[in-house]
Amino acid sequence: MLEMKPACERCGTDLPAQAPGAFICSFECTFCAECADELDERCPNCAGELVDRPTRAKSKATRQ
């Protein structure tokens, strides 16, 4: 299952699993849309592409 990190790794902005606006790389590093844009959609940790993270239905957000 995809790890839905709750905050941007760069600025700390809240990124709830059910809300759009988060970007991830293939290692699941997580950034907000503003930071992803400032990073030119490249992960500073692995240089991988940052893409839109899918959202998770609220009813499934707490299920493991």
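## A tour from the core to the charged pairs

Start by selecting cysteine 43: setting aside neighbours within four places in sequence, this residue is in contact with Cys25, Cys29, Phe31, Gly48 and Leu50. Keep in mind as you go that you are looking at a predicted model.

**Stop 1: the core around you.** Cysteine 43 also belongs to the largest nonpolar core, a group of 13 residues. Colour Cys8, Phe31, Cys43 and Leu50, which touch the most other members of that core. Next, highlight strand 1 (22-24), strand 2 (30-32) and helix 1 (33-38), since each of these elements supplies at least two residues of the core.

**Stop 2: the sheet.** Switch to a cartoon view and look for an open sheet of three strands, ordered 2-1-3 with antiparallel pairing. Which strands lie at the edges? They are strand 2 and strand 3 (51-52), each of which pairs on one side only. Zoom in on strand 1 and strand 2, where the antiparallel pairing runs over three bridges. To see one residue pair here, select alanine 22 and then cysteine 32, its bridge partner in strand 2.

**Stop 3: the salt bridges.** Now show the charged side chains. Side chains of opposite charge can pair when their charged atoms come close. How many salt bridges does the model hold? The count comes to two.

Begin with lysine 5 and glutamate 9, whose closest N and O atoms are 3.4 Å apart. Turn on a surface and check glutamate 9: it counts as partly exposed because its relative accessibility is 38%, between the limits of 20% and 50%.

Then move to glutamate 38 and arginine 10, a salt bridge in which the closest N and O atoms are 2.7 Å apart. This pair links distant parts of the chain: glutamate 38 sits in helix 1, arginine 10 lies in the segment before strand 1, and 28 residues separate the two. Arginine 10 has a relative accessible area of 46%, so this residue is partly exposed as well.

**Stop 4: glutamate 3.** For a last selection, go to glutamate 3, in the segment before strand 1. Is this residue buried, partly exposed or exposed? Its relative accessibility is 46%, and therefore glutamate 3 counts as partly exposed. Finish by drawing a C-alpha to C-alpha distance from glutamate 3 to glutamine 18: they are 15 residues apart in sequence and 13 Å apart in space.

How values were computed:
Residues numbered from 1 in each chain as written. Predicted model: local features only at pLDDT ≥ 70, side-chain atom pairs only at ≥ 80, totals over all residues. Heavy atoms only, no water. Core = buried A, V, L, I, M, F, W, Y, C linked by side-chain atoms within 4.5 Å. Buried < 20%, exposed > 50% of the residue type's maximum accessible area, 1.4 Å probe, protein only. Helix = DSSP H or I, 4+ residues; strand = E, 2+ residues; numbered from the N terminus. Contact = heavy atoms within 4.5 Å. Salt bridge = Lys/Arg side-chain N within 4 Å of Asp/Glu carboxyl O. Pairing = 2+ DSSP bridges.
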